[in-house]
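Subject: A structure for you to look at

Hi,

Here is the structure I promised to pass on. Have a look at it first, and then read on with it open beside you.

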Amino acid sequence: MGKLIVLFIAGFIGLSLRYIIVGEFEIDQLLSLLLFPAGSMLVFFIMKWQYYKDRDFQPNQSKNKMVTRLGDRVSTTTKQMYRDKVHIGSYHRFYNKWWQRIVADIFDDPGRWYLNLIFTLHNGDRVVFKGENDNKIIGNIAWVIYKNDKEVGTISTDYSVKNAIKFLESLHLQYGNNTYHFRSYSLRSKTEIYYDNYVIATGERAEGAVYELTIDPALKHDWEMLFMVYILFNYNFSQ
């Protein structure tokens, strides 16, 4: 929606300057420009529909899966988290400044721009992923993890040349004394989580905007934390 509005404003300024400088004004061009705000209204209603689908999402029966719906990556609308069919919490995106949302809406890969997340869990915990380098346009992105206002870990992307050649999307989580590696090939929607060079969980887009993380409860890991980082992974890489 933001792209269409920007294009309309730029086109209107161009038409105005042409009229002021050259003295020419073509009604056909103005009518063509009006298609942009009309299109933005259509996009707006589609986005609202996605907001409601995310907010009211409930999964089908699933075993050993953690599930969410991520149809919208720009708004601050609350989204739901489930383990099997049990609701375990909710989350939403937030921005430090009002204009950052506009930037995220206009540019491609909106999940990469000024991404911060807040998770509220049923056990009372509040987890925040706060971006460290909001003003960085290119290169790796990092987040600090705060759990109940206490720093407990860090997250960082790995945009190395080696990964780019392989079309590999990569992210590292340092949580407590443990290090996890999230990785996915950009041509696929499957994400693997590694711990000590072993895959301990796999995530994928089940259908539409529904994302599932398949876990093994027998393994002793903080699955809720891993699921939250998996959500951030899908925000950032637009899986």
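Below is what I found in it, going from the whole chain down to single residues.

**The whole chain**

Keep in mind that this is a predicted model. The chain has 239 residues, and 41% of them count as buried. Its secondary structure comes to six helices and 12 strands. About 13,100 Å² of the chain is exposed, with carbon and sulfur atoms supplying 58% of that area. If you take the contacts with a separation of 6 or more, 43% of them are between residues 24 or more positions apart.

**The inside**

The largest nonpolar core has 38 residues. If you want a way in, look for the ones with the most contacts inside it: Met-81, Phe-119, Phe-129, Ile-155, Leu-173 and Phe-182. Helix H6 (residues 223-237) gives this core its largest share, 12 residues. Apart from it there is another core, of six residues, including Val-74, Tyr-95, Ala-104 and Trp-113.

Try clicking on Leu-173. Leaving out neighbours within four places in sequence, Leu-173 is in contact with Ile-145, Thr-154, Ile-155, Asn-178, Thr-179, Tyr-180, Phe-182, Leu-226 and Val-229.

**Salt bridges**

Some background for this part: side chains of opposite charge can pair when their charged atoms come close. There are six salt bridges in the model, and here are three that I looked at.

- Asp-54 pairs with Lys-79, and their closest N and O atoms are 2.9 Å apart. Because Asp-54 sits in helix H3 and Lys-79 in strand S2 (residues 79-83), the pair ties together parts that are 25 residues apart in sequence. Are these two buried or exposed? Asp-54 counts as buried, at 0% relative accessibility, and Lys-79 is buried too, with a relative accessible area of 0%.
- Glu-212 pairs with Lys-65, with 3.8 Å between the closest N and O atoms. Glu-212 belongs to strand S12 and Lys-65 to strand S1, so this bridge links parts that are 147 residues apart in sequence. Glu-212 is buried at 17% relative accessibility, while Lys-65 is partly exposed at 21%.
- Lys-147 pairs with Asp-125, again with the closest N and O atoms 3.8 Å apart. Lys-147 lies in strand S6 (residues 142-147) and Asp-125 in the loop between strands S4 and S5, so the pair ties together parts 22 residues apart in sequence. Here Lys-147 is partly exposed, at 23% relative accessibility, and Asp-125 is buried, at 16%.

The Asp-54 and Lys-79 pair is also part of something wider: Asp-54, Arg-69, Asp-72 and Lys-79 are linked in a network of salt bridges.

Tyr-51 is also in helix H3. Tyr-51 is buried, with a relative accessible area of 10%, and touches Asp-72, Ser-75, Thr-77 and Arg-101, not counting residues up to four places away in sequence. The C-alpha atoms of Tyr-51 and Thr-78 are 8.2 Å apart, although 27 residues separate them along the chain.

**Two hairpins in a row**

Now go to strand S10 (residues 191-195). S10 runs antiparallel to strand S11 (residues 198-207), and five bridges join them. Ile-193 stands opposite Ala-201 in S11. The two strands form a hairpin with two residues between them.

S11 then pairs with strand S12 (residues 210-214), also in the antiparallel sense and over five bridges. Find Arg-205 here; its bridge partner in S12 is Tyr-211. This hairpin also has two residues between its strands, and Gly-208 has a positive phi near 55°.

**Unusual backbone angles**

Most residues other than glycine have a negative phi. Which residues are worth checking against that? One is Asp-196, in the loop between S10 and S11, with a positive phi near 55°. Asp-196 is exposed, with a relative accessible area of 53%. Another is Asn-64, which has a positive phi of about 60° without being a glycine. Asn-64 lies in the loop between helix H3 and strand S1, and is partly exposed at 28% relative accessible area.

**On the surface**

Last stop: Trp-98, Trp-99 and Ile-102 form a nonpolar patch on the surface, with about 370 Å² of accessible area together. Trp-98 is in helix H4 (residues 98-106) and is exposed, with a relative accessible area of 68%.

Cheers

How values were computed: Residues are numbered from 1 along each chain as its sequence is written. This is a predicted model: local features need pLDDT of at least 70, side-chain atom pairs count only at pLDDT 80 or more; totals for chains, interfaces and linings use all residues. Side-chain values use heavy atoms; hydrogens and water are left out. Two strands pair if DSSP finds at least two bridges between them. Helices (H or I, at least four residues) and strands (E, at least two) are DSSP runs, numbered from the N terminus. Patches are made of residues with over 30% relative accessible area and no salt bridge: like charges are joined within 9 Å, nonpolar side chains (Val, Leu, Ile, Met, Phe, Trp, Tyr) within 5 Å. Accessible areas come from the Shrake-Rupley method with a 1.4 Å probe; for residues, only the protein chains shown count as cover. A salt bridge is a side-chain nitrogen of Lys or Arg within 4 Å of a carboxyl oxygen of Asp or Glu. Buried means under 20% relative accessible area, exposed over 50%, partly exposed in between (1.4 Å probe, protein chains only). Contact means heavy atoms within 4.5 Å. A nonpolar core is a set of buried Ala, Val, Leu, Ile, Met, Phe, Trp, Tyr and Cys residues joined through side-chain atoms within 4.5 Å.
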